[in-house]
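Visitor: I am new to this structure and would like a close look at a single part of it. Could you take the salt bridges and walk me through them slowly?

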Amino acid sequence: MAGATGPKRQDTRKFFENLSGAGKCIAVLTSGGDAQGMNGAVRAVVRMGIYVGAKVYFIHEGYQGMVDGGDYIKEATWESVSSVLQVGGTVIGSARCKEFRSHEGRLKAAHNLVQRGITYLCVIGGDGSLTGANLFREEWSGLLNELIEQGLIDEEAARSHSQLHIVGMVGSIDNDFCGTDMTIGTDSALHRIIEVVDAIMTTAQSHQRTFVLEVMGRHCGYLALVSALACGADWVFIPEMPPEDGWEDNMCQKLSENRADKKRLNIIIVAEGAIDCHNKAITPDYIKDLVVSHLGFDTRVTILGHVQRGGTPSAFDRILASRMGVEAVLALLEASTDTPACVVSLVGNQAVRLPLMECVQMTQEVQKAMDEKKFDEAVRLRGRSFENNLSTYRLLASQTARSDLQNSSFNVAVMNVGAPAAGMNAAVRSAVRVGITEGHKMFAVNDGFEGFYKGQIKEIKWGDVGGWTGQGGSLLGTKRTLPAKHLDEIAEQMRIHNITALLVIGGFEAFESLLELYEARANYKEFCIPMCILPATISNNVPGTDHSLGADTSLNAIVETCDRIKQSASGTKRRVFIIETMGGYCGYLATVGGLAAGADTVYIYEEPFDIRDLQANVEHLTQKMKTSIQRGLVLRNENCNENFTTDFIYQLYSEEGRGVFDCRKNILGHMQQGGAPSPFDRNFGTKVAAKAIQWITQTLKESYKEGRVFTNSEDTACLLGMRRRAMVFQPVAQLREETDFVHRIPKEQWWLKLRPLMKILAKYKTSYDVSDAGQLEHVTRVRPKENDASAAI
C-alpha cells in the first residue's frame, strides 16, 4: 500500500437507516486460493445484506458456480451462516475457473445473474479474482445486449439490470495486495508459522541444530519477513531483498558468531520465491548444504506448505473480515453509476475504500519493479506496513553486539510497570538491541519502580535478550507500584547509574507513573530527561492509543476458549454460555472478543444497562434459539455492573430460558493474561520499541547541552500510541485531559463504534453511525511524513 489520502470528513454523523437494500439482490463469492477469515466476511455480508432488506445469494465454487448457475447460486438465510465464523477456509467453496476467462463463460455468468435479479456483487479473493470481476463489470452492458440478441432476456430485464456494482475484499495469506495493510488470512497464516517455529525451537535447542524453514510467498516476502521478526530468526531470504554477492560467507559467519555467543540453535527463514541478486532461486536445500559444508552444523529443512492456509482464523482475521464485510455492503448500497469498482480495506486502524483497478495496477507495478531488479522501488510500492517491517528487521540485523561502536555518553533504562502482558519481552529485546546499535548503554530495571528505588538496575547486553520474543509475561519482572512515594530514592538511583533516558513498557500504571515523574521535574533535575511509554496491557485501557501490546494475545485466548466452550455442547440440546472476561472497567476485551467469537450480547461498563435491557436480551435470545440455532454466547466484562453479577445474569438466563435452552457459566480469569505472545504482539512490540528508541536518541541529542542531558518541556515525556492511521508521540501531560482516572479508562474509545456492528451481526435492530465508514480515496505515492507512518502490522 502506498498511503491513502482522503477528503476531510465533516463532523456530521449520518446513520445508515436511509440506506435501504429493499428490492436489491447481492451475491457473495470466494475465489482463488482460500484464506482463513473468508467465512467471517461471507457471514458479515449475508447478515448485513439481510439486515438492510436485500436478498443475498451465495455463489458456490467461485466463478465456476457463477458460470454453471443452477444450484450453485442459492439464496442465503440468516441461519445459513451460523457457526461459520470459527471455521477456516471458505464454506461456500472456491475454485480457479478457466471458463470465466473466456467471453462465452462471462456471458453465461451474466445470464445466470440476470435470471435471479442480481446486480450487486461482493467478491472475496486475490488480485486475479478482483481483476476478473472488474472486467466483467466493464463488459456488462455489452453482455446484456448479446443476451437480448440471443433471445435469452428481454429488453425490460436488460433495463432493470443495466448496472453491475462490484465491491472487493482481499482474501490472501500472502498479504501481496497494494492498498491494504493486512489482507484477510495473513494474520492466521502467521499464527500457523509461529506455532511451528516455537515447536521447532525447543527441539533445535535440545540438539544444537540449525533449521531452515520455507514459508509461502512466491512473489511477496511478507510472511517470511514478519515471522523472522516475530521469532528473532538469524537470517531471512525474501524476493524483495535479494542478498549481495558473497552472502554465503556472511551468513555462515553470522551463524557461527551466534553459536559462539552460547546460542544453541539457528533459525533461517526462506520465502518460496527467494532469489539472489542474479535472479537465481535460493532454495532451503541449497542453504542446508551450504551450512553443513561450511560449518558442519546439524541442519534440517522444514517446508510448511499448506499448513499455513489451514486451521481456524485468528481473532484479528475474524474482526477484520467482519468489519470489511459490513463495510462492503455499505459501499454497495452507496454505489452509483459513476463510482468505480472498489475494494474495502484497512489502513492502520481505519476502514477505507479504494478504487479496485488502482490497487491492482499498483500490485502489478510491484512485480514489474522486481522483474527490472528495482527492489527499493518494489518495497516502496508494497506500502508503509511492509517498509516499516523491513527497516525494523534491518535495524535489528545490522549487528550482533559490536564492540567497535563508540560508546555514547547516554545510559538508557528500560523497565516494565503494571500487570504482565504478552509482547513485553519482544519490546524489551528490540529496545535493548536497537539502543546498543545506536551506541547507548542499556540498563534493565527489575520489578518496576519497586526494583528501581531498591537499586535493582544492571546493564543489559545484546546476548542477554536472545530468544525473548516468543516468551510470555515479563522477564524483567513487573509491579504495580507507583513512583510518587519513592521519588527521593528513584532520583538517587538515577544519579548513581547516570540514567539519561527512560523507556517504560506497561499499562495504565505506567501512564500514571510517567505523569508523576513529569510533575516531579520541578523538584528533581534527574527526571528532566527524555521519557517514553509503550502501552502494554491486555485491557487496552491506556489513553492515547487504539491498540496496546498484549491485547491481541488476550483476544486470541478469549476467542479460542469461546470456540472450545461452544464445541463442548455439540450433540447436546440448545445451550447458552455466560462468559466473564477481564479488563477492569474497560469493555474492549469483552466487545472485540464478542465480535470475534460471534456473541449474542456483551455487557460492558461503558454502555449502561438495566433490568429491561436484560429482559429484552433474554427474550431476543429465546426467539433465536427456537429456530435452528443451537448455541448462544453472552459475554460480560468483570466490572460492567456491581449488582448484575455474572451469577445474577446466569440465574436470570437459566430461569427465563427454561424449556428452550439451558445455561452454563465460565469465568476466564488469568488465562487471558498468559500464553506465548501472538505474532501481532511480537511484531508490534518489536516495531514500536525500535521507534521509541529512535525517538529517545533524537531527543537526547536535542537536549544534550554543556556536557549533560536536561529537558523539562512536556514533549519529552511522551506516550507512543497508534491513532487511526498513524503512530504518534503524545505528551502525557496533554493526555491527562482525555483520561477518566477513577475508572482507569480513556474518555473516548474508538472500539465503541464496533458495538452496533456486533449487534447487527447478532440480529438486533440498532442505529449504526456510518459517518466513520470509508470514503472513496485514491492510492497515492506521496512519501508520508515521519509521524504519519502507519503502524498496522
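Guide: A salt bridge is here a side-chain nitrogen of Lys or Arg within 4 Å of a carboxyl oxygen of Asp or Glu. By this rule the count comes to 34 salt bridges, and the model in which they are found is a predicted one. Side chains of opposite charge can pair when their charged atoms come close.

One of these pairs is formed by R353 and E334, whose closest N and O atoms are 2.8 Å apart. Because R353 belongs to strand β12 (residues 350–355) while E334 belongs to helix α10 (residues 315–334), this salt bridge ties together parts that are 19 residues apart in sequence. The two partners can also be described by their accessibility: R353, with a relative accessible area of 7%, is buried, since buried means under 20%, whereas E334, at 29%, counts as partly exposed.

Another pair lies within a helix, where R380 forms a salt bridge with E377 and the closest N and O atoms are 3.1 Å apart. Both residues sit in helix α12 (residues 375–382), and because they are 3 residues apart there, about one helical turn separates them. R380 is partly exposed, having a relative accessible area of 24%, and E377 is likewise counted as partly exposed, at 29% relative accessibility.

A further salt bridge joins R658 to E655, and here the closest N and O atoms are 2.6 Å apart. With a relative accessible area of 60%, R658 is exposed, because the word is used for values over 50%, while E655, at 46% relative accessibility, counts as partly exposed.

Salt bridges can also be followed beyond a single pair in this model, for R480, E509, E512 and R744 are linked in a network of them.

To set these pairs side by side once more, R353 is the buried partner of E334, R380 is the partly exposed partner of E377, and R658 is the exposed partner of E655. When you turn to the structure, you may wish to begin with the salt bridge between strand β12 and helix α10, go on to the one inside helix α12, and end with the network that links R480, E509, E512 and R744.

Note on methods. Residues are numbered from 1 along each chain as its sequence is written. This is a predicted model: local features need pLDDT of at least 70, side-chain atom pairs count only at pLDDT 80 or more; totals for chains, interfaces and linings use all residues. Side-chain values use heavy atoms; hydrogens and water are left out. Helices (H or I, at least four residues) and strands (E, at least two) are DSSP runs, numbered from the N terminus. Buried means under 20% relative accessible area, exposed over 50%, partly exposed in between (1.4 Å probe, protein chains only).
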